[in-house]
Amino acid sequence: MDSLDLFFKKYSYKFDKGYPDMNNNQDVLLLESLLNKLGVNLKEAFEDTADLPTEIFDLKQQILNVSGDIGYEIEAAQKHSSKDYYLYFKELSPRDREKRKEITQELINNKILIPLNPDSPISTDSKGTPKTDVNINGKKYTIFVKGSGGKFDTTTTEKEGLVVLLYNSDITEPFTKENFVKNMDKLNKASFEGISDIENNLKSYLNIFNENIEAALNSKAAINNLNDPLSSALTIKKEYSGKKLVRDGIFNTLRKIGSQATGIEADKWNPGDVYLQISEPTIPTVEEVQKDYSKLNGLFVNDWGSTDAPLVSISLKQERAQAGKAKGFLKKFKPSDIEGTQKEYNLTDKELKWTPEQYGDGINIIKDKFKTKFPSDEKALIKYVFDKNPSQPNQLRAKYGAYKALDYLLDNFSQESDTSPILALTQLAAYGMSVSGINPTFFKITGKSTGEPTTPSKFPAAATSRLTPGTKIVIEDRPTNGEIGISISVDIMKGNEVIDTKKLVVVARNNGGAQGTIDLKPVK
């Protein structure tokens with residue numbers, strides 16, 4: 001039995017799943033605590049690389065001098081390759097790509113980083129890490145902004161639970177340094193009604209603040225991590241005060257019925273992360289819903305502020321969150337038997353063992369298919385912009401994975417005999433926004449890090465989508481990363497009426513293994 005087996009045999013009982021879930025902030029903190037007691041200091045991973053070049057050492061010092069302006073303090077500078085350096089920032093989530101990009105832009109705005117390409121200063125690697133090419137004292141470096149995480153970092157579950165807890169609290173104004181202790185006292189007294197299944201998880205998270213009050217009230221990240229869900233809670237309370245906000249009990253029951261009845265993922269049938277309960281609903285059976293979707297969808301109000309149905313479906317988004325995920329859309333199709341078409345959208349075991357040259361050849365084969373599918377004339381509604389392949393092996397594999405997923409979609413998409421790439425890409429984007437044609441009305445609330453209330457966006461029941469007239473879909477493939485970006489404008493429709501228009505970038509990329517992902521990002 002090796003040391004890891006001994007460790008988990010001894011400590012598995014401390015984790016809810018029997019092992020540490022690395023997506024669970026509390027599990028990560030517990031694991032760190034256990035390892036520290038054993039003499040393993042995980043913080044060593046975020047120390048400066050020995051013998052940093054003078055240019056990078058000086059760069060770190062300059063960033064420390066503007067910490068107050070950007071709101072985050074640099075923790076370490078580490079060498080990744082001869083010209084690539086990672087800059088780690090304290091209390092910055094490793095998963096928050098948008099915030100990392102924002103910090104990169106702040107460093108550019110403060111003249112700390114001088115991009116070699118001012119027209120396109122920030123790009124990303126195959127994992128979505130923001131990077132910028134700079135010239136320092138005549139030497140070229142690529143700088144990556146990364147997060148070292150921190151004790152105040154939250155998981156998605158904790159963020160959703162905090163919205164309910166803050167709704168249940170007496171807090172009426174955003175967290176500030178001055179009122180932090182008073183607001184925390186109110187939060188500690190709030191009821192866990194509606195979130196009973198994650199009560200212990202949330203109590204553990206709140207204890208991090210309670211045990212580190214001084215650090216929390218002086219941390220921009222900590223205050224933002226409370227104000228973002230507070231913004232959503234105050235938005236809901238402004239229109240629906242004194243009700244019950246839930247993500248347990250009836251919430252789980254209806255999501256299960258919806259998924260079973262429609263045959264699609266629960267959060268794509270209805271992307272509500274919480275339900276506002278106005279009255280007690282009558283719960284239909286799966287069979288009843290399969291015959292008539294209104295039996296289930298009719299349980300949700302169609303207008304914000306309305307009380308003519310038992311429930312309000314609310315989708316919660318962070319200020320810098322992605323617009324949605326769309327890979328599940330590929331599961332809807334049966335692979336074609338036609339020779340030369342993609343039979344699956346993930347990388348096979350054989351493909352995972354390919355050489356860089358084989359990935360390059362695979363990309364080129366799909367590129368040639370795309371060139372025939374997308375005419376190059378000015379009237380075409382799809383513009384395909386491609387460049388040479390990446391030079392880095394990991395980017396080549398990621399790029400091939402992205403191409404394969406899109407190729408699978410275009411090879412196998414069919415709706416009522418319509419196989420057009422325009423409809424396929426439009427519906428891919430719509431699916432990512434949970435506009436499925438069979439969804440109930442839901443309202444999306446994007447929290448503000450200031451804690452101020454915001455305005456919900458309505459997505460009507462049975463909404464459909466179309467490419468916004470007069471616009472083009474632009475598929476862009478750059479050699480500097482492992483992604484493919486698709487810029488698209490989508491109209492959200494209720495019958496023949498345009499309810500809303502969303503400008504998005506659909507990003508296809510590989511996660512470094514067999515699986516890929518397709519994310520939606522709003523265009524600012």
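Modeller: Angles run from 0 to 180 degrees between N-to-C directions, and axes are lines fitted to C-alpha atoms. Keep that in mind for helix α11, residues 250–262, in this predicted model. Helix α11 runs at about 115° to β7.

Colleague: What makes you say that α11 lies across strands, and which ones?

Modeller: Contact means heavy atoms within 4.5 Å. On that basis α11 lies across β6, β7 (274–277) and β8 (311–317).

Colleague: Why are β6 and β7 called a pair?

Modeller: Pairing needs at least two bridges. β6 and β7 have three, so they pair. They run antiparallel. One of the matches is L245 with L276 in β7.

Colleague: How do you know that β7 and β8 pair?

Modeller: By the same cut-off of at least two bridges. Four bridges join β7 to β8, so the pairing holds. These strands are antiparallel too. V274 has I314 of β8 as its bridge partner.

Colleague: What makes β6 an edge strand?

Modeller: β6 (244–246) pairs on one side only. β12 (457–459) is the other edge strand. They end an open sheet of five strands, in the order β6-β7-β8-β11-β12, with mixed pairing. Neighbouring strands are turned by 30° against each other on average, direction ignored.

Colleague: How do you know that β11 and β12 pair?

Modeller: Three bridges join β11 (residues 442–446) to β12, and at least two are needed, so they count as paired. They run antiparallel. K444 finds its bridge partner in S457 of β12.

Colleague: How do you know that both faces of β7 are covered?

Modeller: In a regular strand the side chains alternate between the two faces of the sheet. In β7, V274 and L276 sit on one side, with Y275 and Q277 on the other. Buried means under 20% relative accessible area. All four residues are buried, so both faces are covered.

Colleague: Why is β4 called mostly covered?

Modeller: Count the buried residues of β4 (residues 130–136). Five of the seven are under the 20% limit, so the strand is mostly covered.

Colleague: What makes β4 and β5 a hairpin?

Modeller: Two residues lie between them. N137 in the turn has a positive phi of about 55°. Six bridges join β4 to β5 (residues 139–147), running antiparallel. K131 stands opposite F144 in β5.

Colleague: Why does β3 count as a partner of β4?

Modeller: β3 (residues 123–124) and β4 share two bridges, which meets the minimum of two, so they pair. The sense is antiparallel. The bridge partner of S123 is K131.

Colleague: Why is the crossing of α16 and α17 called left-handed or right-handed?

Modeller: The name is left-handed if the near helix is turned anticlockwise from the far one by less than a right angle. The crossing of α16 and α17 is left-handed, so the near helix is turned anticlockwise here. α16 (residues 356–373) and α17 (residues 393–412) pack at about 35°, with axes 9 Å apart.

Colleague: What makes up that contact, by class?

Modeller: It has 11 nonpolar, two polar and eight charged residues. Gly counts as polar, so G360 and G362 of α16 belong to that class. I363 and F370 of α16 are among the nonpolar ones, as Ile and Phe count as nonpolar.

Colleague: How much of the whole chain is buried?

Modeller: Of its 524 residues, 50% are buried, so that share falls under 20% relative accessible area. The chain has 18 helices and 17 strands.

Key:
Residues are numbered from 1 along each chain as its sequence is written. This is a predicted model: local features need pLDDT of at least 70, side-chain atom pairs count only at pLDDT 80 or more; totals for chains, interfaces and linings use all residues. Side-chain values use heavy atoms; hydrogens and water are left out. Buried means under 20% relative accessible area, exposed over 50%, partly exposed in between (1.4 Å probe, protein chains only).
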